[in-house]
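This report takes up selected residues first and then turns to the chain as a whole. Please keep the structure open while reading.

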Amino acid sequence: MLFIDRAWLVRRGVVVATLCLALFTISFLRSPAFQPTAATAWQADRPLTRADSPDDRVALTFDVTWQKQELAKILDILDQAGVKATFFVGGTFLQLYPDMVKEIARRGHEVGTLGQQIRDLSGMPENEIVSNLLGSQSALAKILGGPVRYFRPPSGKAPPEVLRAAHQARLVTVTYALDGQDHLGLTADQIVRRVVRKAQRGDIIRLTASDFVTETAEALPRILEGLQRRGFKLVRISDLVPADDG
């Protein structure tokens, strides 16, 4: 009769179970679902406004909230210049013009969210902010067919409750180092001077691509030319801040 050491079997079982758990953990950590994104790489207690760029890069970003004529002009200008940018889209715009959002992505630009409603989120209960962001993130991901990384508070304000909510939704909160202030009624000349003169290496620059601002499209060719003349490379946020930056 074969004698079996029960203690040996137990030890062997523990070893096998430990190895299986280790292999499962390694497989999970290497899976696309768990790969670190900018949302996990950046701290939850600060918005992203600029980056320590290894070269003279600046990120062009546009807020998209209302109508699409000015957006179409801006997309054509960027195409002609061979420049890619990041566009933050409001929930209402997404509902009204899903094909236009797809067109932004089709042209090689990056799309982030402004949330479901264009409103100041400061002071809202954190769970409501999370729900807002998860809803807008999900709707946008369905349209784009892929994940959404970036969120910009419509007001440009990122208090602690907004930062925490965005982190829970696995979104990077993005504000800006340089506001073009085109939404404040500046002329095209004023917008050009402000952006071209004030830009610094690593800046995230905010502009507007909505029909209530008609000067941006007029100013944009000169902004692109002026920034490039200063030696800047114009990129999307993900090209400015790689996903594995910490």
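## Leu 140 and its surroundings

Apart from neighbours within four places in sequence, Leu 140 is in contact with Leu 94, Val 101, Val 111, Gly 112, Thr 113 and Val 148. The model is a predicted one. Leu 140 belongs to helix 6, which covers residues 126–144. With a relative accessibility of 2%, Leu 140 counts as buried, because the cut-off for that class is under 20%.

One of the contact partners is Gly 112. In sequence, Gly 112 and Leu 140 are 28 residues apart, and their C-alpha atoms are 8.3 Å apart in space.

## Ser 210

Ser 210 sits in the loop between strand 7 (204–208) and helix 9 (216–229). Is Ser 210 buried or exposed? Ser 210 is buried, and its relative accessible area is 0%.

When neighbours within four places in sequence are set aside, the residues in contact with Ser 210 are Asp 63, Val 64, Thr 65, Trp 66 and Glu 70. Thr 65 also takes part through its backbone: its nitrogen lies 2.8 Å from a polar atom of the Ser 210 side chain.

## Salt bridges

Side chains of opposite charge can pair when their charged atoms come close. In this model the count of salt bridges comes to 15. Three of these pairs are described here, beginning with Arg 107 and Asp 76, whose side chains meet at 2.9 Å, N to O. Arg 107 lies in the loop between helix 5 (98–106) and strand 3 (110–113), while Asp 76 lies in helix 3 (residues 69–81), so this salt bridge ties together parts 31 residues apart in sequence. Arg 107 is buried, with a relative accessible area of 17%, whereas Asp 76 is partly exposed at 35%. Both residues also belong to a network of salt bridges that links Asp 76, Asp 79, Glu 103, Arg 106 and Arg 107.

A second pair consists of Arg 164 and Glu 126, with a salt bridge of 2.8 Å, N to O, between their side chains. Which parts of the chain does this pair tie together? Arg 164 is in helix 7 (residues 160–168) and Glu 126 is in helix 6, so the joined parts are 38 residues apart in sequence. Arg 164 is partly exposed, at 42% relative accessibility. Glu 126 is also partly exposed, with a relative accessible area of 23%. Helix 6 is the helix that holds Leu 140 as well.

The third pair is Arg 222 with Asp 189, where the side chains form a salt bridge of 2.6 Å, N to O. Arg 222 comes from helix 9 and Asp 189 from helix 8 (residues 188–198), so parts that are 33 residues apart in sequence are tied together by this pair. Arg 222 has a relative accessible area of 34% and is partly exposed; Asp 189 is partly exposed too, at 39%.

## Two residues with positive phi

Most residues other than glycine have a negative phi. Gln 67 is not a glycine, yet its phi is positive, at about 60 degrees. Gln 67 is placed in the loop between strand 1 (57–64) and helix 3. Its relative accessibility is 30%, so Gln 67 counts as partly exposed.

Gln 181 likewise has a positive phi, near 55 degrees, in a residue other than glycine. Where is Gln 181 found? Gln 181 is in the loop between strand 6 (178–179) and helix 8. With a relative accessible area of 24%, Gln 181 is partly exposed.

## The chain as a whole

The chain contains ten helices and eight strands. It has 246 residues, of which 45% count as buried. Leu 140 and Ser 210 are among the buried residues.

About 12,900 Å² of the chain is exposed, and carbon and sulfur atoms supply 54% of that area. How many of the contacts between residues at least 6 apart in sequence join residues at least 24 apart? The share is 77%.

Definitions and conventions
Residues numbered from 1 in each chain as written. Predicted model: local features only at pLDDT ≥ 70, side-chain atom pairs only at ≥ 80, totals over all residues. Heavy atoms only, no water. Helix = DSSP H or I, 4+ residues; strand = E, 2+ residues; numbered from the N terminus. Buried < 20%, exposed > 50% of the residue type's maximum accessible area, 1.4 Å probe, protein only. Polar contact = N/O pair within 3.5 Å; in protein donor to acceptor, adjacent residues only side chain to side chain. Contact = heavy atoms within 4.5 Å. Salt bridge = Lys/Arg side-chain N within 4 Å of Asp/Glu carboxyl O. Areas by Shrake-Rupley, 256 points an atom, 1.4 Å probe, with all protein chains shown as cover.
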